[in-house]
Amino acid sequence: MGLIGIRLSGRKCRGTSPAGTIKELRGTAVVQRNGRSIAATPAMPILAGDKLETSPQSTVTIGLIDGGELIFSEASSVLIDHTLTSAAGSTIELFKGKFRSLVNIAAGDLRRFEIQTPNAVASVRGTDLETEYIEGKPCPGFPQCLRYTDIGVYKGIVEVRNPTSLRSISVRVAAGYETTVPCELPPATPGPLRIGDLTAPGYD
């Protein structure tokens with residue numbers, strides 16, 4: 001067990017620009033804002049620059065001001081670089097654990113929404129996906145690999161690549177499918193969601 005850490009940081013008006021609101025809180029959590037620790041409560045505003053920490057066995061749902069949602073599982077650590085209303089788009093960095101993102105992307109909206117882990121980048125064209133980064137456990141199909149990213153898509157399409165790989169290969173993951181990105185290898189060929197043991201045939 002561990003902590004969920006999420007910090008929302010905008011380039012402008014840091015600490016005052018609204019990012020969303022705590023829509024649901026299970027367990028306990030603390031928001032660190034401008035050097036102060038504040039007990040999280042339902043309906044509490046989340047600002048750019050906030051850091052949110054949850055206790056073990058706790059989950060937090062943040063309702064974003066554009067109508068989307070971020071649902072954080074326990075033992076996760078996430079950094080949001082920009083609010084989702086930024087004209088330049090948003091980047092979410094997942095350092096540990098799992099979260100589900102329901103992104104409100106209107107038709108014709110060209111804003112960038114990207115999810116990054118230490119060994120994967122997902123360019124989001126979908127609107128509902130789950131991302132998990134795992135360290136210290138063997139990757140299914142690659143027992144020597146002890147760090148990997150799983151990305152499952154429930155709606156839309158997500159393009160996934162591994163920026164640490166020498167092979168510049170990306171895969172498109174459609175709704176109902178998932179991929180695993182093992183260590184420094186390219187993403188695995190997508191398979192149906194929840195197959196439980198992704199492998200990537202064809203690696204040398």
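Biologist: Let's start with Ile157: which strand does Ile157 lie in?
Modeller: This is a predicted model, where local features need pLDDT of at least 70 and side-chain atom pairs count only at pLDDT 80 or more, while totals for chains, interfaces and linings use all residues. Residues are numbered from 1 along each chain as its sequence is written, and side-chain values use heavy atoms, leaving out hydrogens and water. Strands here are DSSP runs of E with at least two residues, numbered from the N terminus. The run that covers residues 157-161 holds Ile157, and its name is S15.

Biologist: Which word fits Ile157: buried, partly exposed or exposed?
Modeller: With a 1.4 Å probe and protein chains only, buried means under 20% relative accessible area, exposed means over 50%, and partly exposed is in between. The relative accessibility of Ile157 is 36%, so the word is partly exposed.

Biologist: What distance separates the C-alpha atoms of Ile157 and Ser123?
Modeller: Along the chain, Ile157 and Ser123 are 34 residues apart. In space, the separation of their C-alpha atoms is 9.0 Å.

Biologist: Staying in S15, which residue does Glu159 meet in a salt bridge?
Modeller: A salt bridge needs a side-chain nitrogen of Lys or Arg within 4 Å of a carboxyl oxygen of Asp or Glu. For Glu159 the N to O distance is 3.9 Å, and the partner is Arg172. The pair links distant parts of the chain, 13 residues apart, with Glu159 in S15 and its partner in strand S16 (residues 170-174). Glu159 is partly exposed at 22%, whereas 55% makes the partner exposed, and that partner is Arg172.

Biologist: How many salt bridges does the structure hold?
Modeller: Side chains of opposite charge can pair when their charged atoms come close. One of the pairs is Asp128 with Arg100, at 2.8 Å from N to O. Because Asp128 lies in strand S13 and Arg100 in strand S10 (residues 90-102), this pair ties together parts 28 residues apart in sequence. Another pair is Glu24 with Arg26, and the total for the structure is 5.

Biologist: Asp128 in that pair: buried or exposed?
Modeller: Its partner Arg100 has a relative accessible area of 25% and is partly exposed. The value for Asp128 is 12%, so Asp128 is buried.

Biologist: In which sense do S13 and S14 pair?
Modeller: Two strands pair if DSSP finds at least two bridges between them. S13 (residues 128-135) and S14 (residues 147-155) have 8 bridges, and in one of them Glu130 is partnered with Gly152. The sense of the pairing is antiparallel.

Biologist: Which strand do 6 bridges join to S14?
Modeller: The two strands run antiparallel. Thr149 stands opposite Val181, and the strand, covering residues 177-182, is S17.

Biologist: Which strand gives the most to the lining of the second largest pocket?
Modeller: On a 1 Å grid over the protein atoms alone, a pocket is an open set of points where a 1.4 Å probe fits, with protein on both sides within 12 Å along at least five of seven lines; lining residues have an atom within 4 Å of a point. The lining includes Lys96, Lys98, Glu132 and Tyr133. S10 and S13 each supply at least two residues. The strand that gives the most, with 4 residues, is S13.
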